[in-house]
Amino acid sequence: MTQINWMDEVEKRKEELIKDTQGLLHIKSLLDEENTSPEAPLGNGVKEALDFMLNLGERDGFIPKNVGNLAGHLEFGSGEELLGILCHVDVVPEGDGWTSDPFGAEIRDGKIFARGALDDKGPTMAAYYAMKIVKELGLPLSKRVRMIIGTDEESNWRCVDHYFKHEEMPTLGFAPDADFPIINAEKGIADFDMVQEQSSVDTKEALIEVENFVSGKRYNMVPDLAKATILVKENGEEIVRQFTEFMTKYELEHSHQLGDGALYLEVKGISAHGMEPKNGKNAGLFLAEFLSKLNVDAKASHYFQFVSRYFFEDSRGVNLGVAYSDDISGELTINPGKLSYSKDTNGRIGMTCRYPVTNKMEETKAKLEELLQTEGFVLDNFSDSKPHHVDEKEFLIQTLKKVYEEQTGEKAELIAIGGGTYARSLKSGVAFGPLFPGRPDIAHQKDEYMYIEDLLKATAIYAQAIYELAKSE
């Protein structure tokens, strides 16, 4: 058979690929649980993005299937075995500070800017066009090829949970939703809340009372904004001075408003994916740390002292007594992504814990519960997605290594991540791209983008990978 120049095939479809990528990026596919219906159980935005992909597939001759309006798939080929390509079309909230419309999909400086450009709509379209190329070339395959499209990857994975209750498990597959070369290990992901218990602490009147405090919307994002309202009986200007001094020391953007005995404080941090808190600046933790140093009311003091003691400048669980690392996947990390407190309700800290593949979460959880008992907090809303690890010797990894090295001329090193991709849904699945070595990871950040050059290169890699994994012997 003649040698296929995969990059040439991508170039032939370049304009169409970019246009369809922009079309998908224009859709504001955010989880919207306040406006749901049987047709759109996670909100209209994610349903619109799912429909966009299913309609695209139907246009191009794939067999589309909507699975309960929570997921779907596009399939071609024949054979007993099934190659799965797991993608998602939901995105995290856009956040503030964008240079252009987060859903404008503007192209400048060789990059396409939009929420989801890198995570995971750009890669989804790269994988889609890879399938399209293999299909249009009429190459002989021994496996069916199926793109599985999820709509709840950034939250609770209800999409894949529902999907695999009703549809078959692929024999092997990959998720284009992380880094190149190949991710064969993903840390476990435990999400949970720590909730302040009803307190019997001293309730005598304090000079400073915290009325409310809030920061963050998602477990898996470093919060870039924190706000608090405190009631000040005296010395308001002095507190403002301390606040300004504290935030200036840490080079954080901040603002305040003082009037009628109330002081409004706001801090801006830097958002990042919660799997590596050190890539961001947690606005909530900085504001909580400042409040912990004030002579606030006893209930608030209990909450903010707790946050300060166990989380400020410690993303590795050292102070909590749960630090752990292994050679396969590195260190345990903790990201307090949702913090809230008010004088009428007890404080909460919602977080994601990304733990190494050899770590036993049952033991870690037991340690946390024991500690919290002594601190007047309880564990709530606990969920756990176990770690995922695929051995290097498997056909899947050996094939992807070969493809990556042929396409890039670089060695395909295996890597481990703290993020969770749909690859962990498969018994034999890995995350494969789209972020090339040396490129900054700006997923979940403002001005998220993907290089057009990388979009095309990833499409060529995925096309060859699909062919090599599914071809006739």
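Let's start with β4 and its partner β5, which covers residues 111-113: the two strands run antiparallel, and 3 bridges join them. If you'd like one pair to look for on the screen, take Arg 108, whose bridge partner in β5 is Lys 111. Please keep in mind that everything I show today comes from a predicted model.

Now let's widen the view a little. How many strands form this open sheet, and in what order? There are 3, arranged as β4-β5-β24, and the pairing is antiparallel. As general background, strands of a sheet pair through backbone hydrogen bonds, either parallel or antiparallel. Here β4, residues 106-108, and β24, residues 449-451, stand at the edges; each has a single partner strand, so one side of each is left without a neighbour in the sheet. From one strand to the next, the twist averages 25°.

What lies across these strands? That is helix α11, made of residues 452-470, which lies across β4, β5 and β24. Relative to β24, helix α11 runs at about 65°.

Let's move on to the pockets. The largest one holds about 970 Å³ of space. Its lining counts 41 residues, and if you want to find the centre, the residues nearest to it are Glu 153, Glu 154, Ser 155, Asn 156 and Asn 220. Several elements supply at least two lining residues each, namely α5 (158-166), β8 (178-179), β10 (188-196), β19 (377-385) and β23 (434-435). Which of them gives the largest share? It is β19, with 4 residues. As for chemistry, the lining of the largest pocket splits into 18 charged, 12 polar and 11 nonpolar residues.

And then there's the second largest pocket, with about 400 Å³ of space. Here 22 residues form the lining, and nearest the centre you'll find Gly 95, Gly 216, Lys 217, Asp 224 and Leu 225. Two strands, β11 (208-215) and β12 (225-232), each supply at least two residues of this lining. Of the elements involved, β12 gives the most, with 3 residues. By class, the second largest pocket is lined by 8 charged, 7 polar and 7 nonpolar residues.

So, for your own tour of the model, here are three stops. Begin at the open sheet β4-β5-β24, with helix α11 lying across it. Then go to the largest pocket, where Glu 153 is among the residues nearest the centre. Finish at the second largest pocket, with Gly 95 as one of your landmarks. Thanks for listening!

Terms used. Residues numbered from 1 in each chain as written. Predicted model: local features only at pLDDT ≥ 70, side-chain atom pairs only at ≥ 80, totals over all residues. Heavy atoms only, no water. Pairing = 2+ DSSP bridges. Axes fitted to C-alpha atoms, helices over the stretch in contact; angles between N-to-C directions. Contact = heavy atoms within 4.5 Å. 1 Å grid on protein atoms, 1.4 Å probe; cavity = no way out; pocket = protein on both sides within 12 Å on 5 of 7 lines; lining within 4 Å. Points joined across faces, edges and corners; volume = space filled by probe spheres on them. Nonpolar A, V, L, I, M, F, W, Y, C, P; charged D, E, K, R; others polar.
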